[in-house]
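Me: Hi! Could you walk me through this structure with me? I'll ask as I go.

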Amino acid sequence: MAADALVELAKRRGFFFGANGAYGGTAGFYTFGPQGAALKRNVEDAWRDRFTIREGNREIEAPTVMPEPVFEASGHLEGFDDMLVECPECGESHRADHLVEAVTEIEDAEALPGEEVAELIADNEIACPSCGTALAGEPVEAFNLMFATDIGPGDAQPGYLRPETAQGIFVEFPRLKEYARGNLPFGITQIGPAYRNEISPRGGLLRLREFTQAELEQFIDPEDDEPPLDRVRDVDVRLYPATEQDAADGEYLETTVGAAVDEGVIGSPWVGYYLGVAQEWYERVGVDLDRFRFRQHLAGERAHYAADCWDAESEVDGDWIEIAGFAYRGDYDLSKHDEHGDDSFTVFKRYDEPKTVERATVDPDMSVLGPEFGGDAAAVADALETLAERDPGAFDGETVTVETGDGDDAEAREVDVDVANFSVEEVTENGEHITPHVVEPSFGVGRTVQTVLAHAYNRDEVDGEERTYLSLEPEVAPQDAAVFPLVTNDDRLTALADEVAADLRAAGLAVAYDDSGSIGRRYRRQDEVGTPFCVTVDRDGVEGDGPDTATLRERDSAAQIRIPVADLAGELTALRGGEPFESVADRYDAVDTDVETAGN
């Protein structure tokens, strides 16, 4: 399927289209139309069902604007960059790594140093895609992707639109741990918008400046907590490990989650568990597993804090695109916020039995420190306490030296050990404060939507006529069913069709109503937006002594059955829940008459 065919269908049928078209459009921003908004919402609900409800996690909704100190602590201000190269002729900015990937066999130029990317641009004589000017010799610079803003008027507090939903979870950890009663493991999920000022948005929903993420932050005790790996141990996965990517003849590893964890291919059992859960979920929402893989991050692209990272990737129009990431983030995030914030980002881990340990303490004599160090006396006392915890041996002599201040203001201070009142005491401890580790599955909702549409796009022939249809799973399809009166000049049919549509909606089903054009044309319209079932009210269904009936048509096969109107809501609900159409069809009579080409 060509990408332009999907984009054309998406625009024509109301799935998604470029935003602000009346004002020339704005690159990197898309509007989801009525069909797309419903599909996106259903994908989000399916994710919420699997990763929040079934996993026993809790969901929050944090602000999308956060103050600058949050991103100083997280490292985004310094390291959240892409490689930019600017054309000296037309001034257009481009992702330098993408330009390299387009003309070489390098798949992940993002993992390379900027200097090497600049050399590859020169060596391959890469030109500006906009005007054709050679880019050799132009600098490749780091461009921070965050959108800056001001919080409040006047001397406003600087802030940023969040580039990921995760930080909204991390900064609220001190309160969230209370809701979990301090018990590990526990997980927090969030679905919401994130913002990145992309250098060159492209690929429909694949690279946007505003997009939706669905993320889970799983907080664990790295020493004691193990995932329920047996639930997914036998899930078959296609892996593309870093070792195979580096090999000249590298191949996929077809294995199971359990075997990959046991053999160390997947370094973290927690990451392995979520790869298995994710694969089952992707299949559930309609991703073609023959066009799906998990690719391990190469050393150069893996975040410095991540011990193990894998991406879920799908094939769309011949290219592999990242649709989710799975990272073992260690204690990096909580430690950083613990260091910079004003609250505790640890949890108290209670021992099975109390332990007696030796603890070094100081009780500085402030009547001496005050006159000697003035306003710095409190900082000296704090430094002595920290040193006693870290290096008790430093107090073995007659004096001890500590450092106060940071950077150029740092100053060494010498204190008599007697003044520090250093001692080692035996204390009984019931537990200790630990910093949890974090396992993060992070899903791109828009990318998943585009993958689902691309993998559902089909063409075939029905009654000698070519049709385009989206073979969407009933759970995520924008509409559960469409209701038609076969003709509109019969009041009995239109009245019953109106009643059927109202009853199905009252049962919680999303229903379209269409009485325009031939019945065949109406079927084609619904096929093209992926409506899985159509209900047609015809004369055969209202004539006779029995209960009113209608025909129920299944999208992919175009097969039809006759079903009592009273059964429709229950059967369609079952079909949306995953019951195969064949099972429902076995309970009713097949329809032999062809209504696909009937007139109106």
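Me: How far apart in helix α2 are Trp 47 and Phe 51?

Reply: They sit four residues apart in helix α2 (residues 34-53), so about one helical turn separates them. Keep in mind as we go that this is a predicted model.

Me: Sure. Are those two side chains buried or exposed?

Reply: Trp 47 counts as buried because its relative accessibility is 1%. Phe 51 is buried too, with a relative accessible area of 0%.

Me: And how many aromatic pairs are there in total?

Reply: The count comes to 23 aromatic pairs. Trp 47 and Phe 51 form one that is stacked, at 5.0 Å centre to centre with 20° between the planes.

Me: Which aromatic cluster do they belong to?

Reply: Trp 47 and Phe 51 are in one aromatic cluster with Trp 281, Tyr 282, Phe 292, Phe 294, Phe 326 and Phe 443.

Me: What's the geometry between Phe 186 and Phe 219?

Reply: That aromatic pair is tilted, with 5.2 Å centre to centre and 40° between the planes. It links distant parts of the chain: Phe 186 is in strand β10 (residues 186-195) and Phe 219 is in strand β11, 33 residues apart. Phe 186 and Phe 219 are both buried.

Me: OK, on to the sheet. What's the strand order?

Reply: Nine strands make an open sheet with mixed pairing, in the order β3-β10-β11-β21-β16-β15-β14-β12-β13. At the edges are β3 (58-59) and β13 (253-256), each of which pairs on one side only.

Me: In which sense do β15 and β16 pair?

Reply: Strand β15 (residues 308-316) and strand β16 (residues 319-330) are antiparallel, and nine bridges join them. As an example, Glu 315 has Trp 320 in β16 as its bridge partner.

Me: Which strands does helix α16 lie across?

Reply: Helix α16 (residues 445-456) lies across β11 (210-220), β15, β16 and β21 (437-444). It runs at about 35° to β15.

Me: I'm curious about Gln 450, which is in that helix. Why does it count as buried?

Reply: Its relative accessibility is 7%, and buried means under 20%, so Gln 450 counts as buried.

Me: What is Gln 450 in contact with, beyond its sequence neighbours?

Reply: Leaving aside neighbours within four places in sequence, Gln 450 is in contact with Leu 6, Phe 16, Gly 203, Gly 204, Leu 205 and Leu 206. With Leu 205 there is a polar detail as well: the backbone nitrogen of Leu 205 lies 2.7 Å from a polar atom of the Gln 450 side chain.

Me: Let's talk cores. Which residues have the most contacts inside the largest nonpolar core?

Reply: Those are Tyr 282, Phe 326 and Phe 443, in a core of 63 residues. Helix α11 (residues 269-285) gives the largest share of this core, 10 residues.

Me: What does Phe 326 contact?

Reply: Setting aside neighbours within four places in sequence, the contacts of Phe 326 include Val 271, Tyr 274, Leu 275 and Ala 278. Also among them are Phe 294, Trp 310, Pro 441 and Phe 443.

Me: How many residues are in the second core?

Reply: That separate core has 34 residues, including Ala 482, Val 500, Ile 519 and Val 535.

Me: Ile 519 is in helix α18, right where I was looking. Why is α18 described as largely enclosed?

Reply: Eight of the 10 residues of helix α18 (residues 519-528) are buried, so the rest of the structure largely encloses it. The buried ones are Ile 519, Gly 520, Arg 522, Tyr 523, Arg 524, Gln 526, Asp 527 and Glu 528. Just after α18, Gly 530 takes a positive phi of about 85°.

Me: And helix α12, which of its residues are buried?

Reply: In α12 (residues 332-340) they are Tyr 332, Asp 333, Leu 334 and His 337. What covers them includes α3 (68-74), α7 (166-170), α8 (173-179), β11 and β16.

Me: Last one: how many helices and strands are there in the protein?

Reply: The protein has 21 helices and 29 strands. Its C-alpha trace spans about 105 × 65 × 60 Å along the principal axes, and buried residues make up 49% of the 600 residues. Among contacts between residues at least 6 apart in sequence, 66% join residues at least 24 apart.

Note on methods:
Residues numbered from 1 in each chain as written. Predicted model: local features only at pLDDT ≥ 70, side-chain atom pairs only at ≥ 80, totals over all residues. Heavy atoms only, no water. Pairing = 2+ DSSP bridges. Helix = DSSP H or I, 4+ residues; strand = E, 2+ residues; numbered from the N terminus. Contact = heavy atoms within 4.5 Å. Axes fitted to C-alpha atoms, helices over the stretch in contact; angles between N-to-C directions. Buried < 20%, exposed > 50% of the residue type's maximum accessible area, 1.4 Å probe, protein only. Polar contact = N/O pair within 3.5 Å; in protein donor to acceptor, adjacent residues only side chain to side chain. Core = buried A, V, L, I, M, F, W, Y, C linked by side-chain atoms within 4.5 Å. Phe/Tyr/Trp six-rings, centres within 6.5 Å; stacked < 30°, edge-to-face > 60°.
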